[in-house]
There are 2 protein chains.
Amino acid sequence: MNQVVHQFKADFFKMLSHPARLAILDHLRGGEKSVNELQTLLEADQSTISQQLAKLRSGNLVDTRKEGTTVYYSVHDPMIFQLMDVAKEIFNRHLISHQALLEQVAEASRLSEQPI
Amino acid sequence: MNQVVHQFKADFFKMLSHPARLAILDHLRGGEKSVNELQTLLEADQSTISQQLAKLRSGNLVDTRKEGTTVYYSVHDPMIFQLMDVAKEIFNRHLISHQALLEQVAEASRLSEQPI
DNA sequence: TGTGAACATGAAAACATTTGAATATAATCA
DNA sequence: TGATTATATTCAAATGTTTTCATGTTCACA
């Protein structure tokens with residue numbers, strides 16, 4: 001396994017190493033979605049989504065279909081979901097301390113509930 | 001699937017998004033290896049390997065065992081190999097243009113053959 | 001043709017990761 | 001104890017990524 005191949009693989013995993021990109025892929029499990037729908041689902045602004053989509057495109061993880069002014073995104077290879085599921089499985093088993101995750105989730109909801 | 005969970009997952013994939021770390025994990029398929037062995041196998045310098053190992057440790061991807069002054073590393077959960085294999089499969093199918101990969105491999109070997 | 005809607009791109013600032021050199025620690029052994 | 005081997009940590013420079021804001025492009029339709 002040479003260096004160049006490992007670099008390619010690393011780049012592939014890098015595609016999956018951003019929460020917004022993972023969220024997008026998760027939303028595409030149910031089939032294609034427009035940029036607009038993704039924006040709404042992710043509660044992020046247009047430019048941010050569009051740039052993350054550009055990365056997914058450049059990595060060939062997604063396909064696009066244009067209909068009028070609307071662009072629909074879908075995953076190129078559904079096997080990506082299998083990958084995400086294996087990751088989830090590893091994850092659920094023990095990689096992160098569940099404790100740590102639960103604390104962060106709790107922390108996050110505490111923050112979002114707090115008045116300014 | 002909330003934001004915090006996606007962040008955790010992204011961090012997990014980030015662990016795999018570096019060629020040296022992938023190479024290390026690949027070498028651990030055959031069982032534990034000492035830092036020294038990994039250094040030799042990867043042809044990288046001590047500090048670099050040690051730092052990448054530190055990352056893998058911090059992500060709980062590897063376990064360590066100390067024997068005298070030697071530290072042996074092994075994967076914490078062999079399911080990580082399953083993940084890497086699924087990635088390889090996706091990879092082999094079509095994600096990157098094989099053409100592009102072949103060209104880079106050719107390029108790399110051309111460079112390394114060239115006299116200075 | 002002009003306007004608005006949907007999406008993409010560019011550039012700069014903010015932030016994170018990687019690398020390499022130097023230094024630190026820990027165990028062994030003469 | 002002092003020297004040596006094996007590994008880890010620290011720090012700063014270089015490099016890469018993300019975010020934000022402004023601007024571009026394309027299409028549809030009045």
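**Close-ups of a predicted protein–DNA model**

Going along the sequence, chain A runs α-α-β-α-α-β-β-α-α. That makes six helices and three strands. Keep in mind that this is a predicted model.

**View 1. Chain A as a whole.** Chain A has 116 residues, and 25% of them count as buried. Now look at who touches whom: among contacts in chain A with a separation of 6 or more, 51% are between residues 24 or more positions apart.

**View 2. Helix H1 of chain A, end to end.** This helix covers residues 3-15, which is 13 residues. At 1.5 Å a residue it should span 18 Å, and its end C-alpha atoms sit 19 Å apart, so the two figures agree. Which residues of H1(A) are buried? They are His6(A), Lys9(A), Phe12(A), Phe13(A) and Met15(A). As background, an α-helix has 3.6 residues a turn, so residues three or four places apart point the same way.

**View 3. The largest nonpolar core.** There are 44 residues in this core, and Ile24(A) and Ile24(B) are the ones touching the most other members. Both chains chip in: H1, H2 (19-27), H4 and H5 (79-95) of chain A each supply at least two residues, and so do H1 (3-15), H2 (19-27), H4 and H5 (79-95) of chain B. In soluble globular proteins, nonpolar side chains tend to be buried together.

**View 4. Zooming in on Ile24(A).** Set aside the neighbours within four places in sequence, and what is Ile24(A) in contact with? The list is Leu38(A), Gln52(A), Leu53(A) and Leu56(A).

**View 5. The surface near DNA strand C.** Around this strand there are 23 residues, with Val35(A), Asn36(A), Ser47(A), Thr69(A) and Gly68(B) coming nearest. H3 (35-42), H4 (46-58) and S3 (70-75) of chain A, plus H4 (46-58) of chain B, each bring at least two residues to this surface. H4(A) gives the most, with six. By class, the surface has five nonpolar, 15 polar and three charged residues.

**View 6. The surface near DNA strand D.** Here 22 residues surround the strand, and the nearest are Ser47(A), Gly68(A), Val35(B), Asn36(B) and Thr69(B). At least two residues each come from H4 of chain A and from H3 (35-42), H4 and S3 (70-75) of chain B. Which helix provides the largest share of this surface? That would be H4(B), with six residues. Sorted by class, the surface near DNA strand D holds five nonpolar, 15 polar and two charged residues.

Technical notes: Residues are numbered from 1 along each chain as its sequence is written. Chains are lettered from A and ligands numbered from 1 in the order in which they are written. This is a predicted model: local features need pLDDT of at least 70, side-chain atom pairs count only at pLDDT 80 or more; totals for chains, interfaces and linings use all residues. Helices (H or I, at least four residues) and strands (E, at least two) are DSSP runs, numbered from the N terminus. A residue is buried if 20 or more other C-beta atoms lie within 10 Å of its own, exposed if 12 or fewer, and partly exposed in between; C-beta atoms are placed from the backbone. Two residues are in contact if their C-beta atoms, placed from the backbone, lie within 7 Å. A residue is near a molecule or strand if its C-beta atom, placed from the backbone, lies within 6 Å of it. Ala, Val, Leu, Ile, Met, Phe, Trp, Tyr, Cys and Pro count as nonpolar, Asp, Glu, Lys and Arg as charged, and the others, Gly among them, as polar. The expected span of a helix is 1.5 Å times one less than its number of residues. A nonpolar core is a set of buried Ala, Val, Leu, Ile, Met, Phe, Trp, Tyr and Cys residues joined through C-beta atoms within 7 Å.
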